[in-house]
Amino acid sequence: MLDICRLKASQKALSHVRNGIVLGLGTGSTVAVFIKLLAKMVKDKGLDIKCVATSYQSEHLAVDIGLNVLPLESFSCIDLAVDGADEVDGRMALIKGGGAALTREKVVASMAKEYIVIVDYSKLSSRIGEKKPVPIEVLPYAWRYVMKRIEKINGKPSLRGGGKYKDGPILTDNGNFIIDAYFGVINGPEELEYRINSIAGVVECGLFVGLAKRIYVGYPDRVDEIT
Ligand code: 5RP
């Protein structure tokens with residue numbers, strides 16, 4: 001059921017792709033659907049699209065299916081970026097980082113002239129924080145200190161483990177740890193983002209505020225647009 005929602009949202013984002021653009025590819029299962037649609041469109045129409053990826057996951061997928069992926073450091077500006085999210089609300093605030101790619105995702109979102117988010121309806125909340133913790137990428141040697149500081153601002157932090165695929169903490173594509181911090185409903189996402197990012201040892205947090213200009217929310221029978 002959610003697959004069709006992801007497909008519908010991805011199709012909407014695809015309609016924004018123009019020949020000759022530099023396109024940022026987000027990370028996650030929703031973006032994977034978009035990347036596959038994109039590769040087909042590029043092939044069918046013979047388009048010239050330069051892609052930059054926000055993770056090894058997206059880079060590997062895009063390269064495997066024939067897209068032209070270039071290093072992010074080759075660009076100072078991107079025409080369009082398309083990404084997923086873990087939780088979104090009507091203020092267009094996002095929680096991202098479920099796939100631990102939040103730092104590169106935020107850089108790409110910030111570089112993009114147009115940043116479009118694609119989600120299925122299960123990601124929609126009246127206020128972000130209702131459902132998900134805020135992922136925080138931290139330098140490995142600072143994690144205990146950052147956990148303590150997060151508790152002082154009323155967060156409930158835990159170090160993300162690798163589950164059955166890795167003993168101990170997961171490592172991001174940048175070689176760092178992820179702390180997931182529950183804050184409950186987040187009324188002031190901008191202020192919280194600032195407070196978290198001001199802690200020494202924090203690389204970036206998964207609160208994205210003021211970046212998304214358009215969110216496509218896929219349902220089984222329609223796509224809603226938040227602008
Ligand atoms: C990765 C992300 C993803 O965009 C987010 O986790 C959504 O993924 P999915 O589309 O698989 O639900 O922020 O860091």
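**Exercise 1. The largest cavity**

Determine how the residues lining the largest cavity of this predicted model divide into nonpolar, polar and charged.

*Solution.* Step 1: the lining consists of T54, A100, A101, R104, E137, D173 and N174. Step 2: sorting these residues by class gives 2 nonpolar, 2 polar and 3 charged. In the assignment used here, Ala counts as nonpolar, whereas Asp, Glu and Arg count as charged. Step 3: the space enclosed is about 40 Å³, and the structure holds 1 cavity of 30 Å³ or more.

**Exercise 2. Strand 8**

One residue of the cavity lining, E137, belongs to strand 8. State which residues lie on each side of strand 8 and whether they are buried or exposed.

*Solution.* Step 1: in a regular strand, side chains alternate between the two faces of the sheet. Step 2: in strand 8, V134, I136 and V138 lie on one side, and P135 and E137 on the other. Step 3: residues on both sides are buried, in agreement with the count of 5 buried residues out of 5 for strand 8 (residues 134–138). The cut-off for buried is under 20% relative accessible area.

Identify next the strands with which strand 8 pairs, and in which sense, parallel or antiparallel.

*Solution.* Step 1: strand 12 (residues 177–182) pairs with strand 8 over 5 bridges in the antiparallel sense; there, A181 is the bridge partner of V134. Step 2: strand 13 (residues 202–205) is likewise antiparallel to strand 8, with 3 bridges, and C205 is the partner of I136.

**Exercise 3. Helix 2**

Compare the reach of helix 2 with its expected span, and list its buried residues.

*Solution.* Step 1: helix 2 comprises 17 residues, 29–45, and extends 25 Å from its first C-alpha to its last. This reach is close to the 24 Å expected at 1.5 Å a residue. Step 2: the buried residues are T30, V31, A32, F34, I35, L38, A39, M41 and V42. Step 3: an α-helix has 3.6 residues a turn, so residues three or four places apart point the same way. Step 4: the cover over the buried residues of helix 2 includes helix 1 (2–14) and helix 3 (56–64), together with strands 1, 2, 4 and 7. Step 5: the residue following helix 2 is G46, with a positive phi near 60°.

**Exercise 4. The open sheet**

Give the strand order of the open sheet of 7 strands and name its edge strands.

*Solution.* Step 1: the order is 3-2-1-4-7-15-16, with mixed pairing. Step 2: strand 3 (68–69) and strand 16 (223–226) are the edges, since each pairs on one side only. Step 3: within this order, strands 1 and 4 run parallel and are joined by 3 bridges; L25 stands opposite V82 of strand 4.

**Exercise 5. The largest pocket**

Describe the largest pocket by volume, lining and residue class.

*Solution.* Step 1: the volume is about 220 Å³. Step 2: the lining has 16 residues, of which T27, G28, D86, G98 and G99 are the closest to the centre. Step 3: helix 2 and helix 4 (102–111) each contribute at least two lining residues. Step 4: by class, the lining has 4 nonpolar, 8 polar and 4 charged residues.

**Exercise 6. A hairpin**

Locate the residue with positive phi in the hairpin of strand 10 and strand 11.

*Solution.* Step 1: strand 10 (residues 161–162) and strand 11 (residues 166–169) run antiparallel and share 2 bridges, with G161 partnered by P169. Step 2: 3 residues lie between the strands, and G163 takes a positive phi near 60°.

Terms used
Residues are numbered from 1 along each chain as its sequence is written. This is a predicted model: local features need pLDDT of at least 70, side-chain atom pairs count only at pLDDT 80 or more; totals for chains, interfaces and linings use all residues. Side-chain values use heavy atoms; hydrogens and water are left out. Helices (H or I, at least four residues) and strands (E, at least two) are DSSP runs, numbered from the N terminus. The expected span of a helix is 1.5 Å times one less than its number of residues. Buried means under 20% relative accessible area, exposed over 50%, partly exposed in between (1.4 Å probe, protein chains only). Contact means heavy atoms within 4.5 Å. Two strands pair if DSSP finds at least two bridges between them. On a 1 Å grid over the protein atoms alone, a cavity is a set of points where a 1.4 Å probe fits but cannot get out, and a pocket is an open set with protein on both sides within 12 Å along at least five of seven lines; lining residues have an atom within 4 Å of a point. Grid points are joined across faces, edges and corners, and a volume is the space filled by probe spheres set on the points.
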